[in-house]
Amino acid sequence: MIHFYTAATPNGYKVSIMLEECGLEYTPHFIDMAAQEQKTPEFLAINPNGRIPAIVDDGFPVFESGAILIWLAEKTGKFLPVETKARSTVVQWVMWQMGGLGPMMGQLNVFKRYFPEHIPAAIERYERESYRLFGVMDGRLADAPWLGGEQYSIADIACWPWVRAYEWPGLTLDNHPHLKAWAERIGEREAVKRGVQVPPRPEMTEEAKKAFVERARTILA
């Protein structure tokens with residue numbers, strides 16, 4: 001049995017989508033990050049870095065979302081090619097997301113949504129970099145149907161939850177048609193629809209947005 005520790009974040013949704021795509025049985029455990037549950041000794045024994053997501057697969061802990069995607073792909077033989085060059089291409093895009101798309105959009109959220117002080121230079125820097133990365137993806141998707149090439153893979157699963165959240169920091173996909181079409185295509189997959197309900201995000205009314213920002217600020221403290 002897989003125990004899955006997560007919260008309603010793009011990194012968490014990568015893993016829930018992968019679990020659903022692979023048809024694996026799992027038990028979800030929702031971590032209240034505002035309550036610092038990710039810093040408890042019990043959770044740190046699973047992930048010493050104190051971040052979600054993490055899994056425990058038959059007693060073996062795996063942390064870092066990219067590492068979890070690779071673990072599950074190798075476990076099931078799905079969404080990661082066996083041929084050496086094809087596999088490397090997919091892994092390159094997973095690493096690209098881990099080192100670029102996620103951190104840059106994450107910092108844009110911090111400075112545009114969560115940081116108490118308004119720092120225009122920081123916002124402009126991370127907004128510009130997020131759009132640059134959108135352009136990298138758009139260029140790739142102009143040449144191939146999926147980030148890894150001809151087949152849907154963990155590269156797409158890694159990147160999609162971040163692209164899906166583009167509106168939260170005030171970005172748009174309108175100038176990146178290939179990326180927009182890719183995002184819409186993935187969003188229609190039944191496993192993806194199930195995955196983004198683990199956990200479900202509340203409806204984002206204006207009051208809910210304010211409450212979400214306040215909770216996020218406690219995590220940054």
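This text leads from the paired strands to the nonpolar cores and then to one buried aspartate. The model is predicted: local features need pLDDT of at least 70, side-chain atom pairs count only at pLDDT 80 or more, and totals for chains, interfaces and linings use all residues. Residues are numbered from 1 along each chain as its sequence is written, and side-chain values use heavy atoms, leaving out hydrogens and water.

Start at strand E1 (2–6). E1 pairs with strand E2 (residues 26–30) in the parallel sense, over five bridges. Strands are DSSP runs of E, at least two residues, and helices are runs of H or I, at least four, numbered from the N terminus. Pairing takes at least two DSSP bridges. His3 stands opposite Thr27 in E2.

Now turn to the interior. The largest nonpolar core (buried Ala, Val, Leu, Ile, Met, Phe, Trp, Tyr and Cys residues joined through side-chain atoms within 4.5 Å) has 60 residues. Buried means under 20% relative accessible area, exposed over 50%, partly exposed in between (1.4 Å probe, protein chains only). Met18 and Trp182 are among the residues with the most contacts inside this core. E1, H1 (10–22) and H4 (84–114) are among the elements that each supply at least two of its residues. H4 gives the most, with 11. Another core, of nine residues, lies apart from it and includes Ile31 and Val56.

Asp57 lies in strand E3 (residues 54–57). Asp57 is buried, at 6% relative accessible area. Leaving aside neighbours within four places in sequence, Asp57 is in contact (heavy atoms within 4.5 Å) with Met1, Ile2, Trp71 and Lys75.
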